[in-house]
Amino acid sequence: MSNESITQAVSERYARAATTGEQICCPTGYNVEDLRTFVPEEVLKVSYGCGTPAGLDTVRAGETVLDIGSGGGIDCFEASRRVGPTGRVIGIDMTDEMLAIARRNAPVVAANLGYASSNAEFRKGMVEAMPVEDGSIDLIISNCVINLAPDKRKVFREMFRVLRPGGRFTISDIVSDQPVPNYLTHDVEKWGNCLSGALQLGDYVSGMVEAGFLGIHQIKSVPWQVIDGIHFLSITLTGYKLPAAVEPNGVRFATLRGPFSQMVDELGQRYQRGVPQAVNARTVQLLKTPPFEPLFLLSETPLALEPSDARWLAVLPEQVPCVWKGHFAILAGPFLEAADDDHHVFRRGNPLEICSKTLAVLGTGGYDRHFVIFNRAGEAVAGEPVSSAPGGSCC
Ligand SMILES: C[S@@+](CC[C@H](N)C(=O)[O-])C[C@H]1O[C@@H](n2cnc3c(N)ncnc32)[C@H](O)[C@@H]1O
C-alpha cells in the first residue's frame, strides 16, 4: 500500500467513526464522569485514544498546547480546562467530520468552563506537515495518532520544528514488542484499528532521538492486544526539545546514584554507579531534566559515592531460585543502555527475558518506571524453579 492510500483509508475510517460512534481501539483511562461535567456527549462518544496525555499533570496553566490528531477534541478540551483562560489549545486533524464535531463543541465547552470565549481552535492539516508556526508550542500532546501516520519520522521532525526550545511532548500511542510483519502492515482494517502502523518501541524512540528530542521516557504503559504472538501496547512517553544555547552553570561532574549499576545516556556518555564522571554543559542540561534528576548527583568537583552512603541506590535480587514464567522487560528510557546488579544489560527498546527474581527487582520503585513488562507465555506457565547459587550470577 502506498502512503497516500493508507492515509486515505485512515481518514475514511475516522470519517465513518465520527458519524457512527463505533468502538475503536482501547479504553483511554480518562475519568469520563469528570469529563462529562463540561464536555458534551457527542465528543465523548468519538473518543478513540489509548491514553490520557492531557490528564497526567503535564499541562500547565497559561501554556500553548498542540494536540496532533485531535479527532472530536476530547484531549484538547481537557487541555483547555488545564491551561485555563490565559492558555491556548490548537488541535489539528485531517478528517473534516472529526473537525466538525470538535469545532461545534468548542463554544459549549468554553461556556461550561466559564470562559468568555473558547481557548481552543481546530485546524485542518496533516500531522506530517503541521499548519503551525516554528517554535510556537510549549507542549505537544497526541492520543493514538502517530501509529496511523505512514511516515513517522516526518511527524517527529514536525513536532521538533513547532516546539519552542525548552518545550516538551507527552504522547500516548500504540507500539509493538517486535517488528510488525508485512501481512499485517498491508491490512487496511488493522491500520485503522491502530495496530498495523505500530512501530517497535525501540524504532519509535530512535526516530524521536533522530529528530532532536532527548530525555525520552515512559510515563505509563498498558498491554493492549496480542496478534499472532506480537504484543501491542499503549505507551505514554515524554521527551524534551532542550534549548540550543547551553547556560554555563559550574557543574562539571555527574555521579550516578543508582539503582542501575551502569548506564549510557542518549548523548552516549557512560556512567558507573558511585564513580564521578566528567560531563560537558550539554550533558548537564540533559541530566537536569525530571527523569534523570533523582538518579544523579551533579557537582563542581568530583564526588565519589560509597555503598554505605545514604544516597547510593541499589536493589539486589533475593537469593532464591529463579522461575521462568515468560516475562520480558523492555527498557523504555531515558537511557540507551542500563545494567542492574544481577548481570543484565538492558538496551532501550529490546525485549530481554527475565526470571521471577528480576521481575521482583524491576517492580520496585526506582526501576519500575523505566521498564515495560509483558508476558509472552501467559501466566499459566508452570516453570520449575531453577537453582542459582547465592551470590552467583542470575540463572
Ligand atoms: C485514533 S483517532 C484519535 C483521535 C483523538 N486523539 C482521540 O483521542 O479521540 C485518530 C485521529 O487522527 C487523525 N489522523 C490520523 N492520521 C492523520 C494524519 N496523518 N494527519 C492528520 N490527522 C490524522 C484521524 O483523522 C483521527 O481523527
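**Aromatic pairs and helix packing in the predicted model**

Phenylalanine 169 is buried, and phenylalanine 213 is buried as well. The model is predicted. Its aromatic pairs number 14. Phenylalanine 169 and phenylalanine 213 form one such pair. Their ring centres lie 4.9 Å apart, and the planes meet at 85°, an edge-to-face arrangement. This pair links distant parts of the chain, 44 residues apart. Phenylalanine 169 belongs to strand β5 (residues 163-176). Phenylalanine 213 sits in the loop between α9 (201-211) and β7 (214-227).

Tyrosine 271 and phenylalanine 296 make another ring pair, with centres 4.8 Å apart. Their planes stand at 70°, so this pair is also edge-to-face, since angles over 60 degrees count as such. Tyrosine 271 is in strand β11 (residues 270-272), and phenylalanine 296 is in strand β13 (residues 296-299). The pair therefore ties together parts 25 residues apart in sequence. Tyrosine 271 has a relative accessibility of 2% and so counts as buried. Phenylalanine 296 is buried too, with a relative accessible area of 6%. Both residues belong to a cluster linked by ring pairs. The other members of that cluster are Phe260, Phe292, Phe335, Phe346, Tyr367 and Phe371.

Charged side chains also meet rings. The charged end of lysine 241 sits over the ring of phenylalanine 160, 4.7 Å from the ring centre. Arginine 376 lies over the face of phenylalanine 328, and here the distance to the ring centre is 4.3 Å.

Phenylalanine 160 takes part in a helix contact as well. Helix α6 (residues 152-162) packs with α9 at an angle of about 40°, and the axes are 9 Å apart. The two helices are therefore oblique to each other. Their crossing is right-handed. On the α6 side, the contact is made by Arg153, Phe156, Arg157 and Phe160. On the α9 side, the residues are Asp203, Tyr204, Ser206, Gly207, Met208, Glu210 and Ala211.

Phenylalanine 328 and arginine 376 recur around proline 351. Proline 351 lies in strand β17 (residues 351-353). Its relative accessibility is 23%, so proline 351 counts as partly exposed. Beyond its neighbours within four places in sequence, proline 351 is in contact with Asp177, Phe328, Ala329, Ile330, Phe374 and Arg376. Valine 372 is 21 residues from proline 351 along the chain, and the C-alpha atoms of the two are separated by 8.9 Å.

Note on methods. Residues numbered from 1 in each chain as written. Predicted model: local features only at pLDDT ≥ 70, side-chain atom pairs only at ≥ 80, totals over all residues. Heavy atoms only, no water. Phe/Tyr/Trp six-rings, centres within 6.5 Å; stacked < 30°, edge-to-face > 60°. Helix = DSSP H or I, 4+ residues; strand = E, 2+ residues; numbered from the N terminus. Buried < 20%, exposed > 50% of the residue type's maximum accessible area, 1.4 Å probe, protein only. Lys NZ or Arg CZ within 6 Å of the ring centre and 35° of its normal. Axes fitted to C-alpha atoms, helices over the stretch in contact; angles between N-to-C directions. Parallel < 35°, antiparallel > 145°, perpendicular 65-115°, else oblique. Left-handed = near helix turned anticlockwise from the far one by under 90°. Contact = heavy atoms within 4.5 Å.
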